[in-house]
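Colleague: I'm new to reading protein models. Could you walk me through this one, a feature at a time?

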Amino acid sequence: MTVLPITIWGEPVLHRRAAEVEVFDDELRTLIADMFETNDAANGVGLAAPQVGVGKRLFIYKYENDDGAPPAGAVVNPVLTLTKISGALPDPDEEVEGCLSFPGGQYPLKRAEWARVQGFDGYGQPVDFEATDWFARVIQHEYDHLDGKLYINRLIDRYARKAKKQARNSGWGVPGLTWMPGVDPDPFGH
């Protein structure tokens, strides 16, 4: 297994819809294994293929949950069903997200409190589970990457302005920027 560099906001693969996976082969399973290795090295709870520069509809997660879903898994070509997202303002103490592709930034965001995930594993076998609370947040966050969205694209204005300032001050927004988990300093201080 290999730790892969993580793309940073501005890399084109992060900002376009990922392509459906059509072949379930050893190459796909190697990518999944490398994504798990990368996620562990980055102290993440999930990672989508576009975050490692691969424009395929695939994400992995590693999150202990009380929903009866495996604590770690890969979902290929996922379909997501959500409950309605509250129109209330996000709680700046309880609803803060971060993203490995927007290193170091953490901003409040409202998400649906329940999600159903359907798709396939790396062997083409069906995957179907429900996620609630923070686990649902993790799933929605990774799924967004497959549609070319980062969580900062969903922020309310005041937090969106702060995120844009962080990106500008960090020199992001251009292709070719990455960071290497296990080599570069952990941007979230784990």
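Modeller: Sure! Let's start with α2, which is mostly covered: twelve of its 14 residues are buried. Keep in mind that this is a predicted model.

Colleague: Which residues of α2 are buried?

Modeller: Among them are Phe135, Val138, Ile139, Tyr143 and Leu146, and the buried set also has charged-looking names such as Arg137, Glu142 and Asp144. Here's a general idea for reading such a list: an α-helix has 3.6 residues a turn, so residues three or four places apart point the same way.

Colleague: What do the buried residues of α2 pack against?

Modeller: They pack against β2, β3, β4, β5 (96-99), β7 and β8. As a whole, helix α2 (residues 133-146) lies across β2, β3, β4, β7 (114-120) and β8, and runs at about 125° to β8.

Colleague: How far apart are the end C-alpha atoms of α2?

Modeller: They are 21 Å apart; at 1.5 Å a residue, the 14 residues should span 20 Å, so the two values agree. Just after α2 comes Gly148, with a positive phi near 80°.

Colleague: Now the sheet. How do I read the way its strands pair?

Modeller: In general, strands of a sheet pair through backbone hydrogen bonds, either parallel or antiparallel. Here you have an open sheet of five strands, in the order β2-β3-β4-β7-β8, and the pairing is antiparallel. At the edges sit β2 (46-48) and β8 (126-132), each pairing on one side only. From one strand to the next, the twist averages 40°.

Colleague: How many bridges link β3 and β4?

Modeller: Five: strand β3 (residues 58-62) and strand β4 (residues 72-82) are paired in the antiparallel sense. One to find on screen is Lys62, whose bridge partner in β4 is Ala72.

Colleague: And how many bridges join β4 to β7?

Modeller: Five bridges join them, and these strands also run antiparallel. Look for Leu82, which stands opposite Ala115 in β7.

Colleague: Which strands does helix α1 touch?

Modeller: Helix α1 (residues 26-41) packs on the sheet and touches β2, β3 and β4. Its direction makes about 40° with that of β3.

Key:
Residues are numbered from 1 along each chain as its sequence is written. This is a predicted model: local features need pLDDT of at least 70, side-chain atom pairs count only at pLDDT 80 or more; totals for chains, interfaces and linings use all residues. Side-chain values use heavy atoms; hydrogens and water are left out. Two strands pair if DSSP finds at least two bridges between them. Helices (H or I, at least four residues) and strands (E, at least two) are DSSP runs, numbered from the N terminus. Axes are lines fitted to C-alpha atoms, for helices over the stretch in contact, and angles run from 0 to 180 degrees between N-to-C directions. Contact means heavy atoms within 4.5 Å. The expected span of a helix is 1.5 Å times one less than its number of residues. Buried means under 20% relative accessible area, exposed over 50%, partly exposed in between (1.4 Å probe, protein chains only).
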